[in-house]
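These notebook entries record what I looked up in one protein chain, going from a single contact to the whole fold.

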Amino acid sequence: MFFSKAGVRGLVCLRFRMKLEFKAKEQLKQYSNFKNLGKKIKIGDTDLHFEKVGSGPHHVLLLPGALGSAQTDFKPQLNGLSHKKFSLVAWDPPGYGHSRPPQRKFSTNFFYQDAELAVALMEKLEISKFSILGWSDGATTGLIIAGRYPDKVHKLCTWGGGSYATKEDVDKLEDIRDVSRWSVKMREPMVGLYGKDYFQQLWNEYCDAFQLLWKHTNGDICCEELSNIECPTLIIFGEKDYFFNSDHLEFLLKNIKNTKLHKMADGKHNLHLHFAKEFNTLVEEFLSNP
C-alpha cells in the first residue's frame, strides 16, 4: 500500500492527535478519583482538609496555588521530602479541593483570610513554629503569614508569587480564563478534582475576584508586610515563568531582609513539579542549614 506525501502527513498528524488524546485520558484517569488522604479539622465555621506526613522535628506548612490542593500541587514534595527531617502539613484552602463544602467565597482580601485560617490550622495542630513553602497564590499567602506572624515562621521559601499585581498580570489571567486553552498537564488535575464544568465556573469566579482585588487595592496585595519579614527567605525564580516576572522578583529582593535567590533557567510556573528532584534537594538544603 502506497501513500502520497499529503497522505503520509495526514497519517502522522492523526497518530499524533491520537497519542495526545490517549495521554489526556490517562492523565484524567490518574486524577479523576483523588483519594481523600488527609483529615478535616473545624476552624470556626470552616472544615479544612489537610494532609500531614513525616515525623521530623522541623514542621513545614505547604501552601498551594490558585484552586490548588495538597494532592494536585504538592504530591512530589509530600512523597519526596525527608520524612525523618520534616513533618509536612499541606492544606486545601477553604473552598478548594477537599475543603468543601462550603464552596469558595471570594472577597477583595481573600489572601489575608487564607493566611489567618492557615495560622489557625497550625495552632489547632499545636504547632507553634514552622517553615513555609508557598507556590503562586500560596507564595502571597506565605508572605502575609511571615510578615504578620514573624515569631511563628522559622524559614520561608516562595516561588511563582509576589506581593502586588499589575494590569499586565490581570490581562494574563484573562488570556487563560478559558480553561480549554490550558495545557493538558495543568488542566486535567483540576478537572479530576472539580469536574469540567465546576472547574471552569470556579476559575471564572477567581478571575473576577482578582480583577476586583486589583481595582480595590490598586494592585497592592500585601506589600506592607514585606518589611516585617524577619526569617531567612529563599526565593526560587523560574526564568520562564509566565506569571511571576523579574519585576516582581526584584521588588521582593529589595524589600525582604535576609533573602537568598536561586534561579532555574528552564523553570516555568510549576517548576517544583517539573523539576521535583532538583527542587526538593534545594529546599531540603535551605531548610536544614542553620
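I began with a term: a polar contact is a pair of N or O atoms within 3.5 Å, and within protein one atom must be able to donate a hydrogen and the other to accept it. I note also that the model is a predicted one.

Entry 1, the start of helix α8. I looked for a polar contact where the helix begins. A side-chain oxygen of Asn245 comes to within 3.0 Å of the backbone nitrogen of Asp247. I recorded that this pair sits at the start of α8.

Entry 2, the two faces of α8. Which residues of α8 are buried? In this helix, which spans residues 246-255, I found His248, Leu249 and Leu252. Viewed down the helix axis, these buried residues fall within an arc of 100°, so they line one face of α8. On the face turned away from the buried side I noted the exposed residues Asp247 and Lys254. Asp247 thus appears twice in my notes: its backbone nitrogen is the partner of Asn245, and the residue itself is exposed. I then asked what covers the buried residues of α8. The cover includes two helices, α4 (137-148) and α5 (167-175). It also includes the strands β7 (233-238) and β8 (259-264).

Entry 3, the sheet. I followed the strands next. Eight strands form an open sheet of mixed pairing, in the order β1-β2-β4-β3-β5-β6-β7-β8. The edge strands are β1 and β8, each of which pairs on one side only. On average, neighbouring strands are turned by 25° against each other, direction ignored. As a reminder to myself, strands of a sheet pair through backbone hydrogen bonds, either parallel or antiparallel.

Entry 4, β1, β2 and β4. Strand β1 (residues 39-43) runs antiparallel to strand β2 (residues 46-53), and five bridges join them. I noted Ile43 opposite Thr46 of β2. The two strands form a hairpin with two residues between them. In its turn, Gly44 has a positive phi of about 65°. I then turned to β4 (residues 86-92), which pairs with β2 in the antiparallel sense over five bridges. Within β4, Trp91 is the bridge partner of Phe50, and Ala90 is that of Glu51.

Entry 5, Leu48. I chose this residue of strand β2 for a closer look. Is Leu48 buried or exposed? Its relative accessible area is 0%, so I entered Leu48 as buried. Leaving aside residues up to four places away in sequence, Leu48 touches several residues, among them Ile41, Ile43, Trp91, Pro93, Leu117 and Leu121. The C-alpha atoms of Leu48 and Pro93 are separated by 7.1 Å, although the two residues are 45 apart along the chain. I also looked up helix α3 (residues 110-124), which lies across β1, β2, β3 (58-63), β4 and β5 (130-135). This helix runs at about 110° to β1.

Entry 6, the whole chain. I counted 10 helices and eight strands. Of the 290 residues, 52% count as buried. Among contacts between residues at least 6 apart in sequence, 78% join residues at least 24 apart. The chain exposes about 14,500 Å², of which carbon and sulfur atoms supply 53%.

Key:
Residues are numbered from 1 along each chain as its sequence is written. This is a predicted model: local features need pLDDT of at least 70, side-chain atom pairs count only at pLDDT 80 or more; totals for chains, interfaces and linings use all residues. Side-chain values use heavy atoms; hydrogens and water are left out. Buried means under 20% relative accessible area, exposed over 50%, partly exposed in between (1.4 Å probe, protein chains only). The arc is that of the directions from the helix axis to the C-beta atoms. Contact means heavy atoms within 4.5 Å. Two strands pair if DSSP finds at least two bridges between them. Accessible areas come from the Shrake-Rupley method with a 1.4 Å probe; for residues, only the protein chains shown count as cover. Axes are lines fitted to C-alpha atoms, for helices over the stretch in contact, and angles run from 0 to 180 degrees between N-to-C directions.
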